[in-house]
Amino acid sequence: MEAESRKLLLLAPILLCCFVGISGAQSYIGVNYGEVADNLPSPDATVRLLKSTSISKVRLYGVDAGVIRALAGTGISLVVGVANGEIPAIAADPAAAAGWLAGNVLPFIPASTISVVAVGNEVLESGDAALAAALLPAMQNLRAAAVAAGDGAAAIRFSTVNTMAVLAQSDPPSTGAFHAEVAAQLQQILGFLSRTGAPFMINPYPYFAYQSDPRPDTLAFCLFQPNAGRLDAGSRIRYTNMFDAQVDAVKSALGRSGYGGVDIVVAETGWPTKGDPTEAGATVDNARAYVSNLVAHLRSGVGTPLMPGKPVDTYLFALYDEDLKPGPASERSFGLYHTDLSMAYDAGLTTTTSGAGATVQPKGGSGWCVASAGATDAQLQTDMDYACSQVGVDCGAIQPGGACFQPNTVRAHAAYAMNQLYQAAGGHPWNCDFRQSATLTSSNPSYGSCVFTGGQ
């Protein structure tokens, strides 16, 4: 993951979604397991950690036999990687491809589930023309070797991971298009992905979009927080989060290339908990807001505006901080967990079990979320409109004739709407921020027949 290559053109996003109950591992939530560190937990400890979460997929940047074996029988699937330096030899010789597969995949299946082999990382953006030219032949040779091996190997998909830098245009999303410099190679690669049922893998990072435009409204847009949204004049879609905008820009580019049916997998996305003084927004609070709201968005099942009704398979970056990574401080600070296995922040991924492995649903919000004393009616109106537009939020009670319509004031109606979103989003303290126009209370704001959900 190279910081410069992930910096993005500023984009635009959709209806925010809400947190629904966790029920064990979820097929669309994965995590990147980077190993540029000298203090990582043992594979067995890592697997115990993963099994305590709703993470169902792990992406390795290479092949780590210890980790792969530790994941055997867990139901957690794996993406393994071919190093960029291995690509030329595999491209030049089918026997080398068969040898790579025999040494790095076949010994582990079917005990471990390997779903995808990522051939290289950010190859098309590397500036190495010879390496980029070898990419498709390497993918083809590996695929042929897997089919020849049969059994579980034949079901493995072969793809490659790209950054948003492959796009020449991404704002607004409807104009998404690939760079002319890579378009010819990508066209052939997309044909291969389409024929073999493999996904197009991409690394969207709203964090880097914010670095390019560090305004408060951009931060809210990137963190899935209340914002006015950004209208795509071409599609007439109003986006309300950067993640959807970036993913839909890729969708548009695929469609423009004639391969709109190729699935998109988000191979990396995340937010650092700290950074250098020049790295705006690299904080624990922002990391928690981005990742927890993204997880809620995925769980809602709403999808993106151009891919509605289906969450995009997404690999969060990253499982642990990596203390040996070069570059700015942020590069070493993307971990969901510290290497002592403690949380860097609560992203809403943890599950607990009771009895014979039965999943226990996390409780809803503690207390209630209401309008803060200093919030203006203008702020509250914006927040109410935002909350009522979200999936899982029912504002019928504050409509005329509803149980909470009276008193008919912006403050009273906003309190009800914000609490509805707070409870639906999981009831974490950060779900009741609304740009500091809301606050948590332990006093039940319900009155008469108007009932505010919450209070656990």
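How are α12 and α13 oriented to each other: roughly parallel, roughly perpendicular or oblique? I took this up as the opening entry, keeping in mind that the model is a predicted one.

**Entry: α12 and α13**

I looked up helix α12, residues 377-388, and helix α13, residues 410-424, and found that their axes come within 8 Å and cross at roughly 40°. The two helices α12 and α13 are therefore oblique to each other. I also noted the hand of the crossing, and α12 passes α13 in a left-handed one. On the α12 side I listed Asp377, Leu380, Gln381, Asp383, Met384, Tyr386, Ala387 and Cys388, which meet Val410, Arg411, His413, Ala414, Ala417, Met418 and Leu421 of α13. When I sorted the residues of this contact between α12 and α13 by class, I obtained 10 nonpolar, two polar and three charged.

**Entry: α6 and α7**

I then turned to α6, residues 129-149, and helix α7, residues 180-196, whose axes lie 10 Å apart and which pack at an angle of about 15°. Angles under 35 degrees count as roughly parallel, and α6 and α7 are therefore roughly parallel to each other. The crossing of α6 and α7 is left-handed. From α6 the contact takes in Ala132, Ala133, Leu135, Leu136, Met139, Gln140 and Arg143, while α7 contributes Gln185, Gln188, Ile189, Phe192, Leu193 and Thr196. I classed the residues in the contact of α6 with α7 as eight nonpolar, four polar and one charged.

**Entry: α11**

How far apart are the end C-alpha atoms of α11? I checked helix α11, residues 284-300, against its expected length: at 1.5 Å a residue its 17 residues should span 24 Å, and the end C-alpha atoms are 24 Å apart, which agrees. I next asked about its surroundings and found 15 of the 17 residues of α11 buried, so the helix is largely enclosed by the rest of the structure. Just after α11 I came to Gly301, which takes a positive phi of about 75°.

**Entry: positive phi outside glycine**

Is Glu122 buried or exposed? I found Glu122 in the loop between β4 and α6, with phi near 60°, a positive value in a residue other than glycine. Because its relative accessibility is 7%, I count Glu122 as buried. Asp151, in the loop between α6 and β5 (157-163), also is not a glycine and has a positive phi, of about 50°. Here the relative accessibility is 76%, so Asp151 counts as exposed.

**Entry: cis peptide bonds**

I looked up the peptide bond from Ile109 to Pro110 and recorded it as cis, with omega near 5°. I placed Pro110 in the loop between α5 (94-104) and β4 (113-121). I also recorded a cis peptide bond joining Phe317 and Ala318, where omega is about 5°. The loop that holds Ala318 runs between β14 (314-316) and β15 (352-354).

**Entry: Ile55**

Finally I went to Ile55, which has its place in strand β2, residues 55-60. At 1% relative accessibility, Ile55 counts as buried, the cut-off being under 20%. I then looked up its separation from Thr350, and although Ile55 and Thr350 are 295 residues apart along the chain, their C-alpha atoms are separated by 8.8 Å.

Note on methods: Residues are numbered from 1 along each chain as its sequence is written. This is a predicted model: local features need pLDDT of at least 70, side-chain atom pairs count only at pLDDT 80 or more; totals for chains, interfaces and linings use all residues. Side-chain values use heavy atoms; hydrogens and water are left out. Helices (H or I, at least four residues) and strands (E, at least two) are DSSP runs, numbered from the N terminus. The expected span of a helix is 1.5 Å times one less than its number of residues. Buried means under 20% relative accessible area, exposed over 50%, partly exposed in between (1.4 Å probe, protein chains only). Axes are lines fitted to C-alpha atoms, for helices over the stretch in contact, and angles run from 0 to 180 degrees between N-to-C directions. Angles under 35 degrees count as roughly parallel, over 145 as roughly antiparallel, 65 to 115 as roughly perpendicular and the rest as oblique. A crossing is left-handed if the near helix is turned anticlockwise from the far one by less than a right angle, and right-handed if clockwise. Contact means heavy atoms within 4.5 Å. Ala, Val, Leu, Ile, Met, Phe, Trp, Tyr, Cys and Pro count as nonpolar, Asp, Glu, Lys and Arg as charged, and the others, Gly among them, as polar.
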